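Got the model open in your viewer? Here is a short walk through it, stop by stop, with something to select at each one.

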Amino acid sequence: MINIYICEDNQEQLEKVKKAVLDTVMIEDMDMKLALATKNPHAILDDIDEKGGTGIYFLDVDLKTDINGIQLAEKIRQRDPSGFVIFITTHAELSYLTFKYKVEALDYIIKDDFDMVSKRVRECLMYAFKSFASSGDDRGEVFYIHTKDKVVLIEYSKIICFETSPTIHKITLYAENRQIEFYSNMKDIEDKLDSRFIRCHRSYIVNQDYIKEVDKKKRMIYLKNGQSCLISVRGLKYIK
């Protein structure tokens, strides 16, 4: 899931951008969530440090605090190099600073007509989501699930394990904050994952970062979320 952040010092403008974001996410059924909408740029940075992952950032330029929006974007870039930064501001004359600070903004939206701002917010979200969906295999950090209605994105670092479902041809993905069942097979999933994942059993693929304990005698893996998985004799050889 993609996190969306808004940083705007004017409460009325903050609520308008927030509404435009939430309306777009709901109407387009995007696998995104509004992680934080705030006047405080440091709260944005703290939340990114806590949650990690790649995000979309709508930033005012003049935040009337110790750092401006472009400086905030520079700090965001250090934490999230592949995130999407969009500036929403009345200061068109400051757009040159985006080049000075090398923040690679997706868009620079001027607050002269909020109907147009809302339209541009929607366009930015659509562009960012399509970019994620089309380049997922190249990024190598996000697992993509294509369903009939939408594309679901989950960072590898938040995936705990995969398990074959009782429903034929379906797999259950367990992540830190969600559980998803989808059509696939273990071989196809295994081919998409990186070295932190191991096929410990024909019915399980686990993220080694979440292993709490391995009982070789009982051939069981105990995970940090309280879940347990079977492990085959062959699977034992792959445990680091």
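Start by selecting Y222, which sits in strand β14, residues 220–223. Keep in mind as you go that this is a predicted model. Is Y222 buried, exposed or in between? With a relative accessible area of 27%, Y222 counts as partly exposed, because the partly exposed class runs between 20% and 50%. Now add K212 to the selection: the two residues are 10 apart in sequence, and their C-alpha atoms are 5.6 Å apart in space.

**Next stop: G235**

Move on to G235, in helix α8, which covers residues 233–236. At 1% relative accessibility, G235 is buried. Which residue should you pick as its partner? Try R199: it is 36 residues from G235 along the chain, yet 6.6 Å separates the two C-alpha atoms.

**The cysteines**

Now select C200. Its relative accessibility is 1%, so it counts as buried. Why is C200 not in a disulfide? The closest cysteine sulfur belongs to C229 and lies 5.4 Å from the sulfur of C200, which is too far for a bond. The cut-off for a disulfide is 2.5 Å between the sulfurs, so this pair does not qualify. Across the structure the disulfide count is 0. While you are on cysteines, click C124 as well: at 4% relative accessibility, it is buried.

**Aromatic rings**

Show the side chains of the aromatic residues. How many aromatic pairs does a search of the whole structure find? It turns up 7. One to zoom in on is F87 with Y108, a tilted pair with 5.8 Å from centre to centre and 50° between the planes. This pair links distant parts of the chain: F87 belongs to strand β4 (residues 84–89) and Y108 to strand β5 (residues 107–110), with the two positions 21 residues apart in numbering. Turn on the surface and you can check that both F87 and Y108 are buried.

Then select F143, Y156, F162, F182 and F197 together; these residues form one aromatic cluster.

**The largest pocket**

Now go to G52, in the loop between α2 (41–51) and β3 (55–59). G52 comes out as partly exposed, at 29% relative accessibility. Measure across to R79 if you like: the C-alpha atoms are 8.0 Å apart, and the residues are 27 apart in sequence.

G52 also takes you to the largest pocket. Which residues lie nearest the centre of that pocket? Select G52, G53, T54, E141 and E155, out of a lining of 14 residues. The pocket has a volume of about 210 Å³. Colour its lining by class and you get 4 nonpolar, 5 polar and 5 charged residues. Colour by domain instead, and at least three of the lining residues come from domain 1 (2–134) and at least three from domain 2 (142–237).

**An enclosed space**

Rolling a probe the size of a water molecule over the atoms shows where empty space is left. The count here is 1 cavity of 30 Å³ or more, and the largest cavity holds about 40 Å³ of space. What lines it? Select M1, I2, T54, F132, V142, L153 and E155. By class, that lining has 5 nonpolar, 1 polar and 1 charged residues. Domain 1 (2–134) and domain 2 (142–237) each give at least three residues to the cavity lining.

You have met two of these names already: T54 and E155 are among the residues nearest the centre of the largest pocket, and T54 and E155 are also in the cavity lining.

**Last stop: two backbone oddities**

Most residues other than glycine have a negative phi. Select D29, in the loop between α1 (11–27) and β2 (32–38). D29 is not a glycine, but its phi is positive, about 55°. With a relative accessible area of 35%, D29 is partly exposed.

Finish on H169, in the loop between β8 (159–164) and β9 (170–175). What is the phi of H169 near? It is near 70°, a positive value in another residue other than glycine. Is H169 buried or exposed? At a relative accessible area of 57%, H169 is exposed, because anything over 50% falls in that class.

Definitions and conventions: Residues numbered from 1 in each chain as written. Predicted model: local features only at pLDDT ≥ 70, side-chain atom pairs only at ≥ 80, totals over all residues. Heavy atoms only, no water. 1 Å grid on protein atoms, 1.4 Å probe; cavity = no way out; pocket = protein on both sides within 12 Å on 5 of 7 lines; lining within 4 Å. Points joined across faces, edges and corners; volume = space filled by probe spheres on them. Nonpolar A, V, L, I, M, F, W, Y, C, P; charged D, E, K, R; others polar. Domains from an automatic or database assignment. Phe/Tyr/Trp six-rings, centres within 6.5 Å; stacked < 30°, edge-to-face > 60°. Helix = DSSP H or I, 4+ residues; strand = E, 2+ residues; numbered from the N terminus. Buried < 20%, exposed > 50% of the residue type's maximum accessible area, 1.4 Å probe, protein only.
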